[in-house]
Amino acid sequence: MADFSWVSRSPLEHALVTGTHGARGVEAGVSLTEIRNFDLIQVMARRGQAAELAKAAMARFGVAAPDAPKAVQTSDATLIWSGPDQFFVLSKGSKHTMQTLAPALSSPASLSDQSHARALIGISGSKARIMLAKLSSIDLHPEVFPIGSAAATSMDHTSVTLWRGGNRPDGQALFNLLVFATFAESLWHTMLDAAAEYGVDISHSEELA
Amino acid sequence: MRIVCPFCGERELGEFTYLGDAKPVRPVAGASEDEVFDYVYLRDNVAGATSEYWYHGGGCRAWLKVARNTLTHEISSVEPALGAGAARVGA
Ligand SMILES: [Zn+2]
């Protein structure tokens, strides 16, 4: 059998141009940062096994997995609600992969590796919420969508998982967005268009925020 | 029109897809041709209270059963369809 070497590449590697975009001569109102090389496993309870999965997840992560639209931080991962009886495990550095999670969770749940099936984009800046309001019908006001809130929703007719992470060091709210890899470029351009009037700062990072 | 998904909360119509009437029940094996014909083809055109299946494909991907009045568009209840969200409905 032939040997293959698989090189993982970002679905945004062509569309993402680091630097500034849109309005000039102003401090960028929106920062877009693509996070690259993450581990993302979707965990879905088997029929009738939701309670068993909750127990197994608690034992594995030390905190309860979200059973409502929330994102929960563990010591080395983020658990993000993605629908009834299902959640994502987002982490870095091969701590939570199919190999390491399967022994703990595969009895009550189906696991599927989504690491290369999604793009992860961090959105922040003083105009981030106003920009997102053009694309999303979710109320992202901090009183309604505080840190740890999550939503499975659509932006520009594209399914996304959106959640509010911890604030950036400068106190700005940070919104995280998971989008299907094949839709990432389209949504990226839509976000750039929506953000252009505020000035955009574009970057990519290997670090989970 | 907005639908309050029991899992996600209130969402715009664009996130949902309509499947159809939730009333017809699949006939048992060996049912008469008339019963099967009725199940497959015949639908009431209700002016008033209906029960419909909707799919939250642009959100949590759960199937929902929506009680809706076709005269007023008032939605009186939204519940998970059988099997959706086992923890919530105890299926
Ligand atoms: Zn939903």
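The exercises below, each with a worked solution, walk through parts of a predicted model.

**Exercise 1. The zinc site**

Task: Find which protein atoms are the donors of the zinc ion, and work out what geometry their angles give.

Solution: Begin with the donors, which are B:Cys5 (SG), B:Cys8 (SG), B:His56 (ND1) and B:Cys60 (SG), lying 2.0 to 2.5 Å from the zinc ion. Next, take the angles among the 4 donor atoms, which run from 100 to 116°. Four donors count as tetrahedral if all angles lie between 85 and 135 degrees, and the site of the zinc ion is accordingly tetrahedral. As a point of reference, the ideal angle for four tetrahedral donors is 109.5 degrees.

**Exercise 2. The zinc donors in the sequence of chain B**

Task: Describe how the donor residues of the zinc ion are spaced in sequence, and state which parts of chain B are tied together by B:Cys5 and B:Cys60.

Solution: Read along the sequence, the donor residues follow the spacing C-x2-C-x47-H-x3-C. B:Cys5 lies in strand β1 (residues 2-5) of chain B, while B:Cys60 lies in the loop between β4 (49-55) and β5 (63-69), so the pair ties together parts that are 55 residues apart in sequence. Then consider accessibility, where buried means under 20% relative accessible area: B:Cys5 counts as buried at 2%, B:Cys8 counts as buried at 14%, and B:Cys60 is buried with 1%. Finally, a disulfide is a covalent bond between the sulfur atoms of two cysteines, and the count of disulfides over all chains comes to 0.

**Exercise 3. Positive phi in two loops**

Task: Locate B:Arg61 and B:His73 in chain B, and determine whether each is buried, partly exposed or exposed.

Solution: B:Arg61 is found in the loop between β4 and β5 of chain B, and with a relative accessible area of 34% this residue is partly exposed. B:His73 belongs to the loop between β5 and β6 (75-80) of chain B, and at 49% relative accessibility B:His73 also counts as partly exposed. Turning to the backbone, most residues other than glycine have a negative phi. B:Arg61, although not a glycine, has a positive phi of about 65°, and B:His73, likewise not a glycine, has a positive phi of about 65°.

**Exercise 4. The faces of a helix in chain A**

Task: Check the span of helix α1 (residues 50-61) of chain A, and work out how its buried residues are arranged around the axis.

Solution: At 1.5 Å a residue, the 12 residues of helix α1 should span 16 Å, and the end C-alpha atoms are 16 Å apart, which agrees. Within α1(A), the buried residues are A:Ala50, A:Leu53, A:Ala56, A:Ala57 and A:Phe61. Seen down the axis of α1(A), these buried residues fall within an arc of 120°, so they line one face of the helix. The face turned away from that buried side carries the exposed residues A:Ala51, A:Lys55 and A:Ala59. After α1(A) comes A:Gly62, whose phi is positive, near 80°.

**Exercise 5. An aromatic pair**

Task: Classify the ring pair formed by A:Phe180 and A:Phe183.

Solution: A search of the whole structure finds 5 aromatic pairs over all chains. For A:Phe180 and A:Phe183, the ring centres are 6.3 Å apart and the planes lie at 55°, so the pair is tilted. A:Phe180 counts as partly exposed at 31% relative accessibility, and A:Phe183 counts as partly exposed at 41%.

Methods
Residues are numbered from 1 along each chain as its sequence is written. Chains are lettered from A and ligands numbered from 1 in the order in which they are written. This is a predicted model: local features need pLDDT of at least 70, side-chain atom pairs count only at pLDDT 80 or more; totals for chains, interfaces and linings use all residues. Side-chain values use heavy atoms; hydrogens and water are left out. Helices (H or I, at least four residues) and strands (E, at least two) are DSSP runs, numbered from the N terminus. The expected span of a helix is 1.5 Å times one less than its number of residues. Buried means under 20% relative accessible area, exposed over 50%, partly exposed in between (1.4 Å probe, protein chains only). The arc is that of the directions from the helix axis to the C-beta atoms. Rings of Phe, Tyr and Trp (its six-membered ring) pair if their centres lie within 6.5 Å; planes under 30 degrees apart count as stacked, over 60 as edge-to-face and the rest as tilted. A disulfide is a pair of cysteine sulfur atoms within 2.5 Å. Donors are N, O and S atoms within 2.8 Å of the metal (3.2 Å for Na, K and Ca); water is not among the atoms, so sites may look incomplete. Four donors count as tetrahedral if all angles lie between 85 and 135 degrees; four count as square planar and six as octahedral if opposite donors are over 155 degrees apart and all others between 65 and 115; anything else is irregular.
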